[in-house]
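Visitor: Please choose a single part of this model and take a close look at it, stating the cut-off behind each term. I would like one connected account.

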Amino acid sequence: MDTHILGSWLQIAQPVIGSPWGQVDLRELASKETPASVLGPVGWLLKADANTTWANWYVDGLVDRAAYIYDEKRKFAQLYKTVKGALAAEHGSTPKDELTKLATAISVIAWEEIRLRREIYRGRISLRQKKELWYGSGAYPRCYLCGYRFSSIAKNKFLQLSGGSVTHSPGINLVDFVRPRGKHATDLFPQVDHVRPVANGGATSVENLRLACGWCNRHKSSHTQIYDAPSAYTGLYRHGVLGVINIPRPLWIIRIVKMRGRCEHRSGCTATLDNSELFVAPRRVTGSINPTNCAIYCNEHDPWRDYRFVGLALYKRSFAKYPIPRTFSLASSL
Ligand SMILES: [Zn+2]
Ligand SMILES: [Zn+2]
């Protein structure tokens with residue numbers, strides 16, 4: 001790694017971190033390429049998610065699709081005309097046929113979204129669709145986002161089989177403090193997730209449906225990109241052994257675990273989301289877990305294996321709110 005490049009980039013970033021309102025400093029930082037070592041192993045995902053966000057903003061900035069979604073009388077021709085007009089206003093000197101080509105391409109992208117969103121309402125998933133999903137998910141169905149394997153109690157409840165009327169959670173009293181699935185009883189049961197969210201035009205058809213655990217489904221919600229992670233703090237966890245830990249935003253975990261999809265232990269482990277539950281730990285153990293510092297492990301290779309699962313009651317007690325008082329002491333809080 002070229003530490004010289006990293007050092008000079010950080011020097012440019014430093015005034016912006018300290019005061020993010022200085023335009024000269026911001027422009028200087030924007031003009032520099034971010035060193036790969038800063039973005040970490042999922043740098044490609046961070047860049048792709050940023051680009052997708054920009055692409056959506058750009059299309060919406062040419063034509064507000066909301067009006068089309070709610071007014072079925074508006075047709076493609078009108079959308080195309082709007083897009084072409086907006087492009088022509090900005091790129092007046094561009095040859096007409098080039099402008100037409102670009103306007104067509106953008107309009108097709110925009111219209112696809114409108115078409116789907118017009119069609120779809122969050123319909124109830126039928127029992128037939130649930131069965132199709134469950135039995136089409138292998139011998140031991142798992143959450144497609146985190147690999148959690150559903151219990152037989154969860155199966156019975158999901159498929160309305162005998163024994164499925166029980167309302168208690170399927171016997172889990174320990175939670176992963178990074179991903180506290182089990183905080184709510186529904187976390188442990190399968191839910192039907194729209195891969196492409198309904199809010200973004202995702203259809204309620206089996207091709208767009210997957211089994212997700214309640215925790216992943218609840219936190220994924222309609223978000224699709226890392227930068228969509230709700231900004232509400234997730235808090236500080238006072239771990240009895242590891243100390244005070246910054247808890248990552250759930251959407252970061254969901255997105256990165258799903259996109260990496262396998263245990264990253266250097267042994268070349270074969271655990272993937274299809275055969276194992278995967279856990280998130282910091283890549284550099286001294287740092288906090290964030291999108292640039294996440295490592296994914298199976299249970300066997302999890303460096304936090306002995307510390308990860310804590311009693312639910314203890315978990316709730318150990319969740320500290322910002323800010324930690326200056327007088328905060330781990331000893332006095334236990
Ligand atoms: Zn899950
Ligand atoms: Zn492993």
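Guide: The account below concerns a zinc site and the strand beside it, and then turns to the second zinc site and its surroundings.

The model is predicted, so that local features require pLDDT of at least 70 and side-chain atom pairs pLDDT 80 or more, while totals for chains, interfaces and linings use all residues. Residues are numbered from 1 along each chain as its sequence is written, chains are lettered from A and ligands numbered from 1 in the order written, and side-chain values use heavy atoms, without hydrogens or water.

The zinc ion (ligand 2) is held by Cys263 (SG), Cys269 (SG), Cys298 (SG) and His301 (ND1), at 2.1 to 2.3 Å; donors here are N, O and S atoms within 2.8 Å of the metal (3.2 Å for Na, K and Ca), and since water is not among the atoms, sites may look incomplete. The arrangement is tetrahedral because the four donor atoms subtend angles of 100 to 115° around this ion (all angles must lie between 85 and 135 degrees). Along the chain, the donor residues of ligand 2 have the spacing C-x5-C-x28-C-x2-H. The pair Cys263 and His301 links distant parts of the chain, 38 residues apart. Cys263 belongs to the loop between α11 (250–260) and β6 (278–282), and His301 to the loop between β7 (294–298) and β8 (309–311); helices (H or I, at least four residues) and strands (E, at least two) are DSSP runs numbered from the N terminus. Both of these donors are buried: Cys263 has a relative accessible area of 4%, and His301 has one of 17%. Buried means under 20%, exposed over 50% and partly exposed in between (1.4 Å probe, protein chains only).

Cys298 leads from this site to strand β7. Five of the five residues of β7 are buried, so the strand is largely enclosed by the rest of the structure. From β7, Cys294, Ile296 and Cys298 point one way, whereas Ala295 and Tyr297 point the other way. Such alternation between the two faces of the sheet is what a regular strand shows. Strand β7 pairs with β6 in the antiparallel sense over five bridges (pairing requires at least two DSSP bridges). Within this pairing, the zinc donor Cys298 is the bridge partner of Leu278.

The zinc ion (ligand 1) has Cys143 (SG), Cys146 (SG), Cys213 (SG) and Cys216 (SG) as its protein donors, at 2.3 to 2.4 Å. Its site is likewise tetrahedral, with angles of 100 to 117° among the four donor atoms. The spacing along the chain is C-x2-C-x66-C-x2-C. Here too distant parts of the chain are linked: Cys143 lies in the loop between α8 (127–135) and α9, and Cys216 in helix α10 (residues 214–220), 73 residues apart. Cys143, at 0% relative accessibility, is buried, as is Cys216 at 1%.

Beyond α9 the chain offers a contrast to these buried cysteines. Gln160 is in the loop between α9 (152–158) and β1 (174–176), and its relative accessible area of 53% makes it exposed. Its backbone has a positive phi of about 55°, although Gln160 is not a glycine. Most residues other than glycine have a negative phi.

Definitions and conventions:
Tetrahedral: all angles 85-135°; square planar, octahedral: opposite > 155°, others 65-115°.
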